[in-house]
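Thanks, everyone. I'll keep this short: one sheet, and the helices around it. Have a look at the model first.

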Amino acid sequence: MNRTFRATLLALFLTALGLAIFLHKVFIANVPVLPGQNAQSWYVEAQISMEAQQSLLGDEQALPQRLQVQLPQGSERYTIADEDFVNSGFSRDVIQTQTNNRAANFVQLADRPGEIIFYRAIINDLPVDNPIDEIADAAGTEASAEQTVSEGNIATGRQLVSQDFSYLSGRRVIDPETLAEELPAQEIQSLLTEAGSDSDDALSLAKRLYRLVLNVEDVRVQSLRQSLNEELSAVELTAFLLQRGEIEARVGNGILLTQKEAYATDFVHWLEVKSGDRWLYYDTVGDRFRAQTRYLTWWYGLTRPVVTNGDRRVSLNVSVRPNVDGGLSKTTWRNPQVAPPLVRYSLLRLPLASQRVFQVLVLVPVGALIIALLHQLIGIKTFGTFTPILVALAFRETGLIVGIPMFMLIVAIGLLVRAYLNRLQLLVVPRLASILTATVLIMMGLAIAMDYLDISLGLSISLFPIVILAMTIEKAALMWEEEGPKDVAIASLGSLVVAVVGYLCMQNSWVQYLAFAFPELLLIVVSGNILIGRYNGYKLAEYFRFRAMQRQLNASTSAG
């Protein structure tokens with residue numbers, strides 16, 4: 001049995017295995033084949049991490065004995081299909097608080113203290129009638145462009161979720177009865193009177209009052225903030241003033257669910273006012289009141305999302321991912337033993353932070369297959385195998401317009417540095433270390449220059465593989481010395497072409513989804529690499545290169 005036959009058998013076996021697992025997950029486990037096919041549900045994951053602080057009187061570390069964590073709740077649009085906890089080292093009790101919030105109380109177990117608590121829920125999107133339609137107030141007025149308020153005035157979760165959380169005991173609560181003597185009654189009454197002078201009902205009063213509170217130069221607002229001694233946002237302060245005016249108002253806190261890949265999110269909060277028997281949400285962008293169907297409600301009120309009585313620093317991270325495993329989610333979570341093993345032990349069960357990593361890693365074999373095709377069959381010359389793949393991944397963050405000039409500029413400057421170092425006749429390892437350092441300095445200089453030119457790339461520069469770029473510069477320099485600048489230019493252009501093709505393929509939403517939801521298809525990628533590896537014929541570039549010689553051989557053969 002020759003090697004080609006064995007390679008073909010192995011490729012067919014891997015292809016059949018990958019297709020069998022794929023078909024099983026599609027027809028038995030009901031995993032959607034197309035991206036976004038089941039985008040009406042999400043995974044929401046919250047991770048509470050605790051870090052003990054050193055005691056001032058000794059080496060002992062204080063442990064939190066109790067924690068209260070707010071939990072998401074259902075609404076007109078969203079419902080909680082299922083939820084699960086991982087709270088090793090803690091006992092757990094889910095309760096309904098006095099403010100009609102859902103919360104979980106955790107008590108530290110003395111025999112096995114814990115450090116991390118996980119919460120994970122499946123959120124379903126319910127069909128609602130006209131979810132974004134406005135519910136007009138009695139005045140029925142439309143908001144003008146001048147009245148539109150930016151949504152940036154709503155506080156994010158990083159303002160609500162700080163490292164030092166409030167304690168169960170000793171936290172100051174805004175209570176109009178107990179603070180009656182401290183509050184500036186005249187200022188409060190003046191704000192309510194001015195807001196109510198041109199308001200017909202509670203909703204128009206709330207809108208007018210919100211605009212007044214946004215004016216940080218107003219001495220009445222400054223006096224009120226100073227008396228409350230609280231860093232309240234405009235939403236929270238407006239709700240407080242409405243309550244002082246005997247109008248039912250509250251602050252809602254939650255997260256925004258989108259159809260993006262797995263992402264970390266912050267909390268936002270909004271104002272709700274009761275009109276009749278319904279609570280209406282104040283849309284600050286449209287300057288209107290309507291049903292709150294935009295956010296997943298987590299809790300109501302000014303309570304922190306996590307409250308603890310220990311001397312530990314607590315951090316809360318919330319991650320969201322659109323659900324892609326169809327109606328199987330509920331069965332998998334409630335009774336994992338009856339779920340199909342191919343789904344029970346899949347990437348879909350990993351924490352969302354790990355899923356974000358694998359969403360990128362599964363694209364690397366796809367890029368490698370593209371390089372194998374272009375190199376072995378087409379004959380495109382590149383600087384190695386991994387360089388175009390990593391550059392293509394970097395292009396996903398920078399884009400082609402910025403990424404291509406950046407790559408060419410870094411390599412060009414690096415070649416100049418390498419040419420100077422070559423005159424010093426350094427040994428190989430110190431020379432590579434010098435080139436690596438120079439590459440980092442070049443990227444730092446580019447980052448500073450782009451920031452000066454108001455070109456924002458975020459963290460995309462860090463994704464450029466520094467070590468690979470350094471090795472690329474070294475390979476380009478050696479090729480320049482051995483084969484000349486023409487071959488260096490051809491290899492540079494080939495690397496860019498392959499990186500661009502890989503970028504366009506890996507940026508495709510179908511490729512991203514299939515590679516992550518069905519990683520068994522990577523077995524077919526391996527099969528393709530095996531078959532390409534046994535190809536011994538002409539490359540396309542060689543065919544054009546030797547076409548004239550082939551014609552001469554054919555002519556001489558015919559003449560003989």
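Before the angles, one definition: an axis here is a line fitted to C-alpha atoms, for helices over the stretch in contact, and angles run from 0 to 180 degrees between N-to-C directions. Keep in mind that this is a predicted model.

Start with two helices. H4 covers residues 202-214, and H6 covers residues 234-244. Their axes come within 9 Å. They cross at roughly 130 degrees. Angles over 145 degrees would count as roughly antiparallel, and 65 to 115 as roughly perpendicular. So H4 is oblique to H6. The crossing is right-handed.

Which residues of H4 and H6 make the contact? From H4, we have Leu205, Ala206, Leu209, Tyr210, Val213 and Leu214. From H6, Ala234, Val235, Leu237, Thr238, Leu241 and Leu242. By class, that is 11 nonpolar, one polar and no charged.

Now the sheet. It is open, with five strands. The order reads S11-S10-S9-S7-S12, and the pairing is antiparallel. Which strands sit at the edges? S11, residues 288-290, and S12, residues 295-300. Each of those pairs on one side only. Neighbouring strands are turned by 45 degrees against each other on average, direction ignored.

H4 comes back here. This helix packs on the sheet, touching S9, S10 and S11. The direction of H4 makes about 145 degrees with that of S9.

Last, the S12 end. Strand S7, residues 249-256, runs antiparallel to S12, and five bridges join them. In that pairing, Gly252 stands opposite Tyr300 of S12.

Key. Residues numbered from 1 in each chain as written. Predicted model: local features only at pLDDT ≥ 70, side-chain atom pairs only at ≥ 80, totals over all residues. Heavy atoms only, no water. Pairing = 2+ DSSP bridges. Helix = DSSP H or I, 4+ residues; strand = E, 2+ residues; numbered from the N terminus. Contact = heavy atoms within 4.5 Å. Parallel < 35°, antiparallel > 145°, perpendicular 65-115°, else oblique. Left-handed = near helix turned anticlockwise from the far one by under 90°. Nonpolar A, V, L, I, M, F, W, Y, C, P; charged D, E, K, R; others polar.
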